[in-house]
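User: Before we go through this model, I would like to understand how its descriptive labels are reached. Could you set the values against the cut-offs as we go?

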Amino acid sequence: MKKSRSVGASSPVNGKQGTDWDTRRKRKSADITQALNASPVDVAALRRMAISEGGLLTDEIRSQVWPRLLNVAPHVLDQEPETVERENNKDYNQVLLDVQRSLRRFPPGMPDEQREGLQEELIDIILRVLKRNPQLHYYQGYHDIVVTFLLVLGERLATALVEKLSTHHLRDFMDPTMDNTKHILNYLMPIIERVNPEVHDFMQQAEVGTVFALSWLITWFGHVLSDFRHVVRLYDFFLACHPLMPIYFAAVIVLYREEEVLECECDMAMVHHLLSQIPQDLPYETLISRAGDLFVQFPPSELAREAASHDSMASSTFKDFDLASTQQRPDSVLRRRRRQKQAALENSVVTVAQPSAARRFVRLAVMGLTVALGAAALAVVNTALEWAPKLDLFP
């Protein structure tokens, strides 16, 4: 039997805190089992469990819950995958190249024979989904999502869930052009502007655009995170929420790195380089809570008009950015303004400047939402349920 991967990297594991987490973990596991055994299955409760601290805990639980979150019918899950014809397949060569480059996505220490077998299954899943759905177009990075489902679920279940995901959450990424993908990226800056206008203005001044977040978005962060536990924790969250949640999570990563961003040279190439190097030690549970809270406070419907008109620098390929980055635009005005403001605060002993509403909100999110989403979780769940792919509910 496949060994379970426990997702507890961002939860306390030592001493009394570790004991508390073990207790909460056991209670959560029991609650998930109860929701799965309910008639009908309590999908809303499963979504809350996927969002809250620790996510779905193990791969065994994910194999039961992920199909419910995607509303994949039981008879589809039971279907054995058909044989895939590789010869004369227009996507095969590119898929093969991408899969061959995906060695780091497999657990370290896995025997070569086992990894090579999984890579063959990975190719088959991708080609199978594309053959069944000719309206879908393969994109580089798609394999990073598919391999996560393969490692958690195995080939049969992964095929069914990836097909459903590809025709819903990932549908915009699988168009013939990247126009819809660019549009989704256009939500990033309006979210940042709502929370932290200073960071937004700095990024606009640097003309960095949003291309740094492209690989985050189209791979659900699978390509940029080295720890598999963090990847599946995010997949728990994304599967339980609205399809645009990954762009909210991208925004909270940028906001979390506020100090680094504002201390960086206000130059397109340098800011892009900083932001594209995503830290591996992020406080994932805190950021998940913040993303959920931002979604509730600034829902996509509120940002849609601004995203549609936003002048984005997101480009169809990373090579386009390489060309743009040859022209550096150094600017020290914002950095100097920031230093002056800090000096004024340090020299003042009479008054203390009140933070803006946006900054108060960010601090509240960091300090008050580190354990569970509370009301925000319920709102996110309700939105996800309203959006969720429409099939007959499980009996």
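Analyst: A residue is called buried when its relative accessible area is under 20%, and exposed when that area is over 50%. The model is a predicted one, and asparagine 71 can serve as a starting case, since its relative accessible area is 8% and it therefore counts as buried.

User: Where does asparagine 71 lie, and what is notable about its phi?

Analyst: Asparagine 71 lies in the loop between α3 and α4 (74-77), and its phi is positive, about 55°, although the residue is not a glycine.

User: What makes phenylalanine 221 buried, and where is it found?

Analyst: Its relative accessible area is 0%, which is under the 20% limit, so phenylalanine 221 is buried. Phenylalanine 221 is found in the loop between α12 (214-218) and α13, and its phi, near 70°, is a positive value in a residue other than glycine.

User: Why is arginine 47 called buried?

Analyst: The relative accessible area of arginine 47 is 2%, and because the label requires a value under 20%, arginine 47 is buried. This arginine 47 belongs to helix α2 (residues 43-51), and its C-alpha atom is separated by 9.8 Å from that of isoleucine 32, the two residues being 15 apart along the chain.

User: How do you know that the peptide bond from serine 39 to proline 40 is cis or trans?

Analyst: The omega of that bond is near 0°, and the bond is cis. Proline 40 itself lies in the loop between α1 (15-37) and α2.

User: Why are α3 and α13 described as roughly parallel?

Analyst: The axes of helix α3 (residues 59-69) and helix α13 (residues 228-239) cross at roughly 30° and come within 10 Å. Angles under 35 degrees count as roughly parallel, and the two helices therefore receive that label. The crossing of α3 past α13 is left-handed, and the contact is made by Arg62, Trp66 and Leu69 of α3 with Val232, Arg233, Tyr235, Asp236 and Leu239 of α13. Sorted by class, the contact of α3 with α13 has 5 nonpolar, no polar and 3 charged residues.

User: What makes α14 oblique to α17?

Analyst: Helix α14 (residues 245-256) and helix α17 (residues 284-297) pack at an angle of about 120°, with their axes 9 Å apart. This angle falls outside the perpendicular range of 65 to 115 degrees and is not over 145, so α14 is oblique to α17. The crossing of α14 and α17 is right-handed, and among the residues making the contact are Tyr248 and Phe249 of α14 and Leu287 and Ile288 of α17. By class, the contact of α14 with α17 has 13 nonpolar, 1 polar and 1 charged residues.

User: How do you know that the buried residues of α18 are on the same side?

Analyst: In helix α18 (residues 300-309), the buried residues are Pro300, Leu303 and Ala307. They cover an arc of only 70° around the axis, which puts them on the same side of α18. The face turned away from that buried side carries the exposed residues Ser301, Arg305, Ala308 and Ser309, while what covers the buried residues of α18 includes α9 (179-185), α10 (188-195), α14 and α17.

User: What makes α10 mostly covered?

Analyst: Of the 8 residues of α10, 6 are buried, namely Leu188, Met189, Pro190, Ile191, Ile192 and Val195.

Notes:
Residues are numbered from 1 along each chain as its sequence is written. This is a predicted model: local features need pLDDT of at least 70, side-chain atom pairs count only at pLDDT 80 or more; totals for chains, interfaces and linings use all residues. Side-chain values use heavy atoms; hydrogens and water are left out. Axes are lines fitted to C-alpha atoms, for helices over the stretch in contact, and angles run from 0 to 180 degrees between N-to-C directions. Helices (H or I, at least four residues) and strands (E, at least two) are DSSP runs, numbered from the N terminus. A crossing is left-handed if the near helix is turned anticlockwise from the far one by less than a right angle, and right-handed if clockwise. Contact means heavy atoms within 4.5 Å. Ala, Val, Leu, Ile, Met, Phe, Trp, Tyr, Cys and Pro count as nonpolar, Asp, Glu, Lys and Arg as charged, and the others, Gly among them, as polar. Buried means under 20% relative accessible area, exposed over 50%, partly exposed in between (1.4 Å probe, protein chains only). The arc is that of the directions from the helix axis to the C-beta atoms.
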